[in-house]
Amino acid sequence: MMKVFTTRIIPEEGLSLLQRAGFTVTQWSEEKEMTAAQRVQYCKGSDALLFAGGEKLDRAFLEQCRHLKVISLLSVGYDNVDLKAATELGLQITNTPGVLSNATADTAFLLMLSVARKAFYQHKRILKGEWGFSTPTANLGTDIEGKTLGIWGLGNIGTVMAKRCKAAFGMKIIYCNRHRNEAAEKELDATFVPFDELLQQSDVISIHTSLTPETKEKFNREAFRKMKSTAIFINAARGGIHNETDLIAALREGEIWGAGLDVTNPEPMQPDNPLLEMPTVAVLPHIGSATLETRNAMSRIAAQNVIAALTGQPVPNPVNHIYDL
């Protein structure tokens, strides 16, 4: 009987699929991260790994677990896996694309509004007993209506975010991609611009690209200085795309107006991080896909990837082609 190990308790939809397929499923149920040695130990007794979490799956781990028939990621992102090593070792890596777009775009939209109206900060004022005398000029936010939304990475999630913003607030859409998105241009009247123009023209910049060597800390002090002093920076993609020290400095010195983060650099964020006390900042603990419907769909796709690999079928969602050798 084939054995599957999961690094988290996964939603019932995916678990049931694996069990109905006749596999023995072992789940890591402790509410703390596994050590690298524990991960290797559990995987050595398994045929497949269904991986949820942000830990790194590096070459050292992959070499010790090269017997696995598949590593099925419960995520769209795969930047925590050494794909080059996995491909060289003949390990199949899969992900769960196409089911996160609405939930993640909604999180970015939530952050944009929360920053614009200082919502997190205003809530903290209530908790501190500061909801009392006020003046017409105190703690004002900023309007979003008719402003320019800049999308960096106009793929599935970025397109949903753009649709939301255009429909709700009549925002003008500009974007920067590796390649033109002609379908989005027609549907949203979106305009393709170079990166520097995206920085200079946007009232809100929303990040929806993958973390790669090219995008790592692309939003640094130099980039923030090119943005409008009234601009809002939103990152619901990967924390490594922004330099957090530079972001803090840009906010403190008024180089940009506010920031909304569902991902941080590093992650998790420490509770004494100064971003958490800034009036025009909203931070969430990486909840982009955290809806019942989305997580069930993710678990179903991750399970389907495992079932295909263990039954000798082509896996539906491979990512190894990124490093075809």
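Which residue follows α12, and what is the sign of its phi? I looked it up: Gly-312 follows α12, and its phi is positive, near 75°.

Ground rules first. I'm working on a predicted model, where local features need pLDDT of at least 70, side-chain atom pairs count only at pLDDT 80 or more, and totals for chains, interfaces and linings use all residues. Residues are numbered from 1 along each chain as its sequence is written, and side-chain values use heavy atoms, with hydrogens and water left out.

**Helix α12.** I checked residues 292–310, and the helix has 19 residues (helices are DSSP runs of H or I, at least four residues; strands are runs of E, at least two; both are numbered from the N terminus). From first C-alpha to last, α12 reaches 27 Å, close to the 27 Å expected (1.5 Å times one less than its number of residues). I found 14 of its 19 residues buried (under 20% relative accessible area, 1.4 Å probe, protein chains only), so α12 is largely enclosed by the rest of the structure.

**Its partner α1.** I got an angle of about 20° between α1 and α12, with axes 7 Å apart (lines fitted to C-alpha atoms over the stretch in contact; angles run from 0 to 180 degrees between N-to-C directions). The two are therefore roughly parallel (under 35 degrees).

**Around α1.** I noted that strand β1 (residues 3–6) and strand β2 (residues 24–27) run parallel, joined by four bridges (DSSP must find at least two for a pair). Thr-6 has Gln-27 in β2 as its bridge partner.

Technical notes. Buried < 20%, exposed > 50% of the residue type's maximum accessible area, 1.4 Å probe, protein only. Parallel < 35°, antiparallel > 145°, perpendicular 65-115°, else oblique.
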